[in-house]
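Work through the exercises below with the sequence and the 3D view at hand. Try each task before reading its solution.

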Amino acid sequence: MENVKDLISNWIPVKLIENDNQVYFEWLYLADVPFIDPFFDETIAKCQSHNYNSKQFKFISTIQNSIDWSKELDFVELKGLVFHVSRCGSTMLSQSLATSSENIMVSEASIIDQILRTDAFDEDTKTLLLKSVLKFLGQKRFPEQKHLIIKLDAWSVFKSSYLRSIFPEIPFALLYRNPGEVLRSHQKQAGMHMVPNIIPLSVFEITSKEVQEVSFRQYQVLVLEKYFQSFLDFYEIDQNVIMLNYNDGMKNVIERFVTFINVDYSENELNVMLERLKRHSKNESAVFNGDSYKDDVLSANLSQLNVLHEKLNANLIEDLAD
């Protein structure tokens, strides 16, 4: 008879479901599909056609099942959390790291965001759930795997202090970029967090009145200000955090991040990571020739944002001087 470990191997929780005041997990079978896509949801989509996942009925469990089953897993060590402001090279960083077969690189997993933002649990239960989900995401499915690295959603930076409370020894990275370049990218195609009310305003601590008083473009400035200020606030109080700047060059970003998380990759693995920089972050088949929107006119007031950006740069210079 199979034991629990065999039964749950290659399965991960992918969604929280609330029904009749109860919360459940929906599960998905990964088979042998690795986390090498630019985003978590792309990997999930690849797996949906598997026979286990395409049945009429979904696999559902209680949250206690998840906590109990995670104790049976073999999983790799969590090596770092990546926070970012979006459109700042975070996908390129994660895609470069994903080239190493030693890494399990999970990018913007919706299940993590759901747990972080739900009010369905008290904090102790939320912490147990989050740790159990990371064990499932980091389960050792291939012999070479040694490290779990998590890139969070941009707005997860507002949960950085909570995450530090449950992962006191884990390196945190804060990746940012020149605000004009970030905003020009969103001007070309806005991310969901840059459109009012797709994600609740309370996540950003922005009021409805503030939204009514600013233009659509200025709202995006406001969100970026919130990210920059959260970076500054967290950097000021934390001792195990690094500032990374896209404008410092992605080669430097990758090399500094790898050094910071204290992983000894082979020279060949590092070279493959850097080679990945020549291809587009979200489409590996395309050569990356720079951003097409870099000269677009930006119609927004960036004065406060530029002040925050200068403070981030000052912290980066301080980091580099150490």
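**Exercises on a predicted model**

The protein chain in this predicted model has 14 helices and 10 strands.

**Exercise 1.** Decide whether the residues of strand 5 are buried or exposed.

*Solution.*
Step 1. Locate strand 5, which covers residues 103–107.
Step 2. Apply the cut-off: a residue is buried if its relative accessible area is under 20%.
Step 3. Count: 5 of the 5 residues in strand 5 are buried.
Step 4. Consider the faces. In a regular strand, side chains alternate between the two faces of the sheet.
Step 5. Sort the residues: Asn103, Met105 and Ser107 lie on one side, Ile104 and Val106 on the other. Both faces of strand 5 are covered.

**Exercise 2.** Find how strand 5 and strand 6 run relative to each other, and how many bridges join them.

*Solution.*
Step 1. Locate strand 6 at residues 147–151.
Step 2. The two strands run parallel, and 5 bridges join them.
Step 3. Check one position: Ser107 stands opposite Lys151 of strand 6.

**Exercise 3.** Compare the radius of gyration of the protein chain with that of a compact globule.

*Solution.*
Step 1. For 322 residues, the globule rule gives a value near 20 Å.
Step 2. The protein chain has 20 Å, so the two agree.
Step 3. Add the extent: the C-alpha trace spans about 65 × 50 × 40 Å along its principal axes.
Step 4. Add the burial: 52% of the 322 residues are buried.
Step 5. Add the contacts: among those with a separation of 6 or more, 76% join residues 24 or more positions apart.

How values were computed:
Residues are numbered from 1 along each chain as its sequence is written. This is a predicted model: local features need pLDDT of at least 70, side-chain atom pairs count only at pLDDT 80 or more; totals for chains, interfaces and linings use all residues. Side-chain values use heavy atoms; hydrogens and water are left out. Buried means under 20% relative accessible area, exposed over 50%, partly exposed in between (1.4 Å probe, protein chains only). Helices (H or I, at least four residues) and strands (E, at least two) are DSSP runs, numbered from the N terminus. Two strands pair if DSSP finds at least two bridges between them. The radius of gyration is taken over C-alpha atoms; the globule rule is 2.2 Å times the number of residues to the power 0.38. Contact means heavy atoms within 4.5 Å.
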